[in-house]
Amino acid sequence: MQNNSWRWMASTALILCAQPALAQVAPGDTTDTGAADEIVVSGYRTGLAQARDMKRRATGIQDSIAATDIAAFPDLNLAEALQRLPGVAINREAGEGRRISLRGLGPDFARVQLNGMEVLGNVDSPQDSRGQTTRDRAFDFNLFAAELFSRVDVRKSYAADQTEGGLAGTVGLFSARPFDNKGFRAAVGGQIGTNSLTRDVQPRFTALVSQNWGDVGILLSGAYSRRQTREEGFDTYRWRLNNAAGSNIAKLSAEDQAAVQSGTLRFARGNRLSVWDSTQERIGLTGSIQWKPMPNATVTLDGLYGRFSGDRFETHLASRGGGGSTWLGGGGTFAGVTYPNATINALEYNDQREVVYLDVSGANTATETRRQDTKNVFRQLVLSGDAEVAPGVRLTALGGVERSRFSIPLSDKFYLETYGDVVSDYRGGTYSLVNTYKYDTADATRWHARNINIGASYQDSAFDNAKGSLGWDVMPGGTISVGGEWRRFGNSGYGQGVDNVLLPQFRSGAVSSNIAAYARTYRDYPGQDWTVVDYAKALQTLGVNRADYLGTRQNVFTVEERTGAGFVQYDWDQMLGALPFRGNAGFRYYRTDVISSGVANVGQVTVRGDYDGVLPAMNLVVEPARGLIVRAAAARNINRPGLGSLAVNGSVARDNGEVTVSIGNPNLRPYRSADLDLSIERYFGKVGYVAAALFHKKLDGFITNRTINNVAFATTGLPTSLLPGLTDTTNVASFSRPVNIGKTDITGLELSGQSDFTFLPAPFDHLGTVLNLTLIDSKFDYATIIPGSTRTTLEGLSRVNANATLYYQDDRFNARVSGNYRSPYVFSASPVFSTLGKDQDITGYESTFYVDFSARYTIVPGMQLTLDGINLTDQRERQYSDSTKRLYVSTHSGATVLGGVRVTF
C-alpha cells in the first residue's frame, strides 16, 4: 500500500507541474542559439545567476546559494539545499536533511556561522545507532526553516581574517535584512502536505515583512511547520560468536551440532521489527534593524529565535535474550513465569559462518514501548557594523551572544516479554529479514511486564563573541587589515534516571507482571501486529511516579573554552603584467584555554588545559582570459577536539588494592591540517560556468582513547584527595583517557557546472541543468589508534558524491527535479568486543540516491502556486555492521508532497 501511495503522489506532482509548462509554450515558437538574451533570468535562474556571481567574485574557493526573493529560499531545508553544492554530503533523519559532511570530513569538521557568529544547536537522533544524545560540535540544519535565510556561503579555503576552526570549511548562513530591498516588501506563504507513511496533514507557513525609511530599516520574519514523521524497518543487535550454550540442539544434524558447539558460528544477537514515530514542531523568528548614521557607515542588529520540538513514540518487536546476548539459551523463572530452554530446530549458515536461517522453539521475545519528549531552543542576538572612519580606512566590528538548550525531560522505555516459536530468515540478502512468528504476538495474555527504564537529560550551550578589524588602503588596489577576536564557549549538562525500575519488585513477587489493565495492540507495522502498553496507564496501574526515580544528577559535565585571536592580512586587486591578479595573504595567532569540570565517581574534578598556534594562509586569483579564472590557496587550519573528549567526568577507583583511572582530557590539542587548493573556472552566458577544483589536506592529531599501565598518579593530573591514601607516587595500574595520535591525507576532485539550454529549439530552450561530481580518496589505519580496528576510509567519508538538477523556466512557470547520490561511508571505526570475541570492527551506511521535485507557477504577478516533493522514491537508509557488511539497520521514511501558495507584496 505504501509503494502505491508514493507512486501516486509522485505521478500527481509531475502531472500538475507538466500542465502549466505546456500551457505556456506557444505553437511554433522557436529560439535559436543567438537568442540567449531573450531568455528571462528570473525565479530559480536568478538564484543560480546570483550564486554564480558570488563564486566568481570570491577571493577564495567558495560556493553559494541565493534566494531569488524574500522568503523564497530554493529548498525547504538548509541541509537539502547545501547537498546540491560540490563537496557537500548530508545525512537524513526521517527523510529530512540533518547534518552535512564537507569534502569527506564528518559534521564535526564543518564550522557553521550565523550572521557572522559561530552557531551550535544540537537536535539528536531518535536512533541509538545514529548517536542519540551524543555531544559534538556539529550543527543540525533541521533546526531552522530555510525560508528564514537569504544566502548561504560555503567557504572551502581558509583566510587569516576568518575565525580559526572548521577544518573542512565554513558554512555561512545569512538571514534576511531590510536593506536587501528598497521601501516596503512583504511575503506570505502556506503549504499543506502529507507523507506516504504517516498520511497526516502537514502545515507549513512563512511570513516576512520589511520596511525602509531612508536610513533606517526593519525586517521581521517567521516560519512555522508541524509534521508527523515515521521511519520503519528492521534491525539487529549486531552479530556475535555464540555456542548456544543452554539451548537444545538435538534436532540438528551432527555436522551442524559440531559447528554450533565450536563457537565459530556468528548469530544475530537478536532482531527487531521497528518503528520510530515523531510529531515535530518547528518555529523560527528573525528580526533585523539596520541604520545608516552616515553615508559610509551601517549598523545592524540581528536577532534569531528557533524552537524544534518532538513528541516521539518508538516501538519494537524484538527477539532478544537476557544479558544482551543472542536470544538463544536456557530458560528460567521470572515474576512467576517459567521460560523453557530454547530449542534450535534448524539453521543455515553462509561461507562467512553467519547464521542466515534460524528456526527456534521457545525463543525469548520482547516488545519495547518508548516515549521521548525533546525540545531544542536557540536564541541569538548579534550587533554588527562597518564604517569608513577616515579616507581609505574602514572599521568593522561584531558582538553577539547565543544560548541554546537541548532537553529530553522524558525518555522512558517499557519492556514486555514472552517466549514462542520464531523463524528468522536473512537469506534474501544483506538487507533482508523475514520473521515468522508461530503464535499471536498481539495476544496480550501471552505477555508479561519485564521492566521500566526512566531517564531524562539536559544540555546547555552558551557562546559569546566579540571581534573587530581595521583596514586601510596602502596603495591603489592594496589593503592591510589587522583585527582581533574574543570568544567564550560553554557546554554543560547532566542526566537523570534509573534502569530496572521494577525488576526487584517483579522478582520478589511484590508487583504483578500481569498487563491486562494497560495492554494495547500496535497495528501500524505492515503485516505484523504486536502487544505494547499504554504508557501513562501502565505507570498509574503499577504505582510508578517518574519523579521518584529521576533522583540526583548523573554524568554532570561542564566544558568552557576561552579563545583570544589576532590576525594581519594583506588584500590586493591589481595587475600581474597584463593579467588581473587579486588575492590575500596573512597569518592568525590564537590561544585557547580550556576549563573542564565533571563529577567522577568520587566527587567533583576540575582540570585546565591550553593550546595556541599560528595559522598562515594565502589565496591567489588570476584571470588569464576573459571569463577564465584560476585560483590557488594554501593554509594551515585546526579543528577543536570533540566535547565528549574534553569532559573530565569519569572514574577513579581502587579494586583489590589496584588504582584505576578513566577520565577525559582537557589538554587535548586540536586536529591540525595543511591545505592546498587549486581551482580552474570558466564563466559564460548569464548563468553558466564549469569548474574543476583539486584539494589536498594533510591531517594530524586524530583523537582516541588510549590506556597505559603502571604510571604514577601524578601523571593523571588529578588531585590526590579523590581517594584516601593517594599520593603523587601511587601506582596507577590502568590509566585511560583520550589522546592525540595519528596522521592521514585527503585528496579530492570537485567537478561542477551549470548552464541554460538556449541552443535548443523551443520549448526546450527554457531548460537548464546544474551538475556536480566530487571524488575523494583517503584511508586511515584506525588500528594504530584503536586496538582491534582496521584500515578503512575516514569516518563520514563518501568516495563519490554527485548531484544533478534539470530545470525548466519561462516567464510564469519553473520546475526542477534533482537527484543526489552519496556512496557508502563508515559511520564509526570503533570496534565492539564481547567476552566471546569481536562483534564488529566498523559500522557504516550503504549508498543512497534521493530524488526531490519543486515547481512554481505564477498566477498573477506576486502570486505563485507551489508544489514540492521530497524523497519521491522512498529511499531506504541501510546501515551495516562490520566490514563484512552484516545487517544492522534498514529503514524507510516515505515520500512527502506539499502544495500551497506564496504571495509577495
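**Reading a predicted model by its definitions**

Q: Where is the place of Asn 871 in this model?
A: In this structure, which is a predicted model, the place of Asn 871 is in the loop between strand E47 (863-870) and strand E48 (877-881).

Q: Why is Asn 871 called buried?
A: Asn 871 has a relative accessible area of 1%, and the word buried applies to values under 20%, so Asn 871 counts as buried. Its phi, near 55 degrees, is positive, and the residue is something other than glycine.

Q: What makes Lys 885 partly exposed rather than buried or exposed?
A: The relative accessibility of Lys 885 is 29%, and since buried is kept for values under 20% and exposed for values over 50%, this value falls in between. Lys 885 also has a positive phi, about 65 degrees, although it is not a glycine, and its place is in the loop between E48 and strand E49 (886-892).

Q: What kind of peptide bond joins Ala 762 and Pro 763, and how do you know?
A: The bond that joins Ala 762 and Pro 763 is a cis peptide bond, with an omega of about 0 degrees. The place of Pro 763 is in the loop between E36 and E37.

Q: How do you know that the span of helix H2 is close to what is expected?
A: Helix H2 (residues 43-57) has 15 residues, and the expected span is 1.5 Å times one less than that number, which comes to 21 Å. From its first C-alpha to its last the helix reaches 22 Å, so its span is close to the expected one. The buried residues of H2 include Tyr 44, Leu 48, Ala 51 and Met 54, and Arg 45, Arg 52 and Lys 55 are also on that list.

Q: What makes a space in this model a cavity, and how many are there of 30 Å³ or more?
A: A cavity is a set of points where a 1.4 Å probe fits but cannot get out, and by this rule there are 15 cavities of 30 Å³ or more. The largest cavity holds about 370 Å³ of space. Its lining has 27 residues, and those nearest its centre are Leu 48, Ser 64, Leu 85, Gln 754 and Val 770. The largest share of this lining, 6 residues, comes from H2. By class, the lining of the largest cavity divides into 12 nonpolar, 9 polar and 6 charged residues.

Q: Which residues lie closest to the centre of the second largest cavity, and what is its volume?
A: The second largest cavity has a volume of about 270 Å³, and of the 21 residues that line it, Arg 111, Glu 118, Arg 137, Glu 561 and Arg 640 are the closest to its centre. Its lining is made up of 8 nonpolar, 4 polar and 9 charged residues.

Q: Why can Leu 794 be counted in the largest nonpolar core?
A: A nonpolar core is a set of buried residues of certain kinds, Leu among them, joined through side-chain atoms within 4.5 Å, and Leu 794 is one of the residues with the most contacts inside the largest such core, which has 121 residues. The largest share of this core, 6 residues, comes from strand E18 (residues 355-390).

Q: Which residues are in contact with Leu 794, leaving aside its neighbours within four places in sequence?
A: Among the residues in contact with Leu 794 are Leu 105, Leu 699, Phe 702, Ile 746, Phe 780 and Val 826. Apart from the largest core lies another core, of 15 residues, including Val 605, Val 659, Phe 713 and Phe 735.

Methods. Residues are numbered from 1 along each chain as its sequence is written. This is a predicted model: local features need pLDDT of at least 70, side-chain atom pairs count only at pLDDT 80 or more; totals for chains, interfaces and linings use all residues. Side-chain values use heavy atoms; hydrogens and water are left out. Helices (H or I, at least four residues) and strands (E, at least two) are DSSP runs, numbered from the N terminus. Buried means under 20% relative accessible area, exposed over 50%, partly exposed in between (1.4 Å probe, protein chains only). On a 1 Å grid over the protein atoms alone, a cavity is a set of points where a 1.4 Å probe fits but cannot get out, and a pocket is an open set with protein on both sides within 12 Å along at least five of seven lines; lining residues have an atom within 4 Å of a point. Grid points are joined across faces, edges and corners, and a volume is the space filled by probe spheres set on the points. Ala, Val, Leu, Ile, Met, Phe, Trp, Tyr, Cys and Pro count as nonpolar, Asp, Glu, Lys and Arg as charged, and the others, Gly among them, as polar. Contact means heavy atoms within 4.5 Å.
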